[in-house]
Amino acid sequence: MLGKPRLTYLNGRGRMEPIRWLLAAAGVEFEEVYLETKEQYDKLIKDGFLLFQQVPLVEIDGMKMVQTRAILSYIAGKYNLYGKDLKERALIDMYVEGIADLMQMILMFPFSPPDAKEKNLDSVKERATNRYFPVFEKVLKQHGQDFLVGNKFSWADVQLMEAILAVEEKIPAVLSGFPQLQAFKTKMSNMPTIKKFLQPGSPRKPPPDAHYVETVLKVFKK
């Protein structure tokens with residue numbers, strides 16, 4: 001029996017947070033190693049742990065996996081969160097890619113210069129309410145089912161839930177025009193594994209603060 005997955009990243013959300021979400025949603029416990037210095041990061045590269053000299057790094061099933069998308073699709077497949085056939089998998093991939101585009105804006109927001117923050121926040125709101133959330137509102141309404149694909153809980157649902165909460169932190173009323181997404185959020189919040197992940201003391205990370213931004217810049221400085 002192999003041990004728990006081991007996640008190596010900074011002590012913050014970044015590109016590891018969707019991986020934490022997916023493992024938690026699957027009911028999988030994991031261990032974390034936090035990078036705090038450039039020396040730790042350089043050592044991982046020197047020791048050949050990082051295929052493309054990038055984190056996240058996830059050690060799982062005897063593999064040292066890098067590249068967020070590859071890690072997520074492996075976890076989704078392993079824990080039966082990736083649809084029942086190729087068509088369902090394609091839909092999940094499309095939805096996940098769309099959500100990732102929105103999350104990229106959220107990911108970069110803490111690194112915005114102070115004078116650009118308001119403009120960037122407006123961009124997040126505009127994209128969320130006009131481009132991304134309407135897609136999922138329509139999908140849920142049209143098929144009248146609880147989940148995005150195949151009426152079964154999948155990676156796409158987990159990623160959408162993460163995105164909804166991340167946008168709401170910045171724009172609290174963002175779901176006001178999306179009744180289906182409001183119902184989806186309530187339902188997902190009550191799923192046992194997700195409910196547990198949303199409790200204080202779980203591995204879920206808080207919104208990035210100035211200390212996190214400073215650590216990122218220090219660890220990854222060229």
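These exercises work through pockets and backbone geometry in a predicted model.

Local features need pLDDT of at least 70, side-chain atom pairs count only at pLDDT 80 or more, and totals for chains, interfaces and linings use all residues. Residues are numbered from 1 along each chain as its sequence is written, and side-chain values use heavy atoms, without hydrogens and water.

**Exercise 1. Characterise the largest pocket and its lining.**

Step 1: fix the terms. A pocket is an open set of points on a 1 Å grid over the protein atoms alone, where a 1.4 Å probe fits, with protein on both sides within 12 Å along at least five of seven lines; lining residues have an atom within 4 Å of a point. Volume is the space filled by probe spheres set on the points, which are joined across faces, edges and corners.

Step 2: take the volume. The largest pocket holds about 990 Å³. Its lining has 38 residues, and Tyr9, Gly14, Arg15, Gln104 and Leu107 are the closest to its centre.

Step 3: sort by chemistry. The lining splits into 23 nonpolar, seven polar and eight charged residues. Here Ala, Val, Leu, Ile, Met, Phe, Trp, Tyr, Cys and Pro are nonpolar, Asp, Glu, Lys and Arg are charged, and the others, Gly among them, are polar.

Step 4: assign elements. Helices are DSSP runs of H or I with at least four residues, and strands are runs of E with at least two, numbered from the N terminus. H4 (86-108) is among the helices that supply at least two lining residues each. H4 gives the most, with eight.

**Exercise 2. Do likewise for the second largest pocket.**

Step 1: the space is about 240 Å³.

Step 2: lining residues include Phe30, Pro192 and Phe197. Six are nonpolar, three polar and two charged.

Step 3: helix H8 (residues 192-197) contributes the most, with four residues.

**Exercise 3. Locate the unusual backbone in the loops around S3.**

Step 1: check omega. Val55 and Pro56 are joined by a cis peptide bond, with omega about 10°. Pro56 sits in the loop between helix H2 (38-46) and strand S3 (57-60).

Step 2: check phi. Gln53 is not a glycine, yet its phi is positive, about 60°. Gln53 also lies in the loop between H2 and S3. Asp61, another non-glycine, has a positive phi near 50°. Asp61 falls in the loop between S3 and strand S4 (63-66).

Step 3: check accessibility. Buried means under 20% relative accessible area, exposed over 50%, and partly exposed in between (1.4 Å probe, protein chains only). Gln53, at 47%, is partly exposed. Asp61, at 32%, is also partly exposed.
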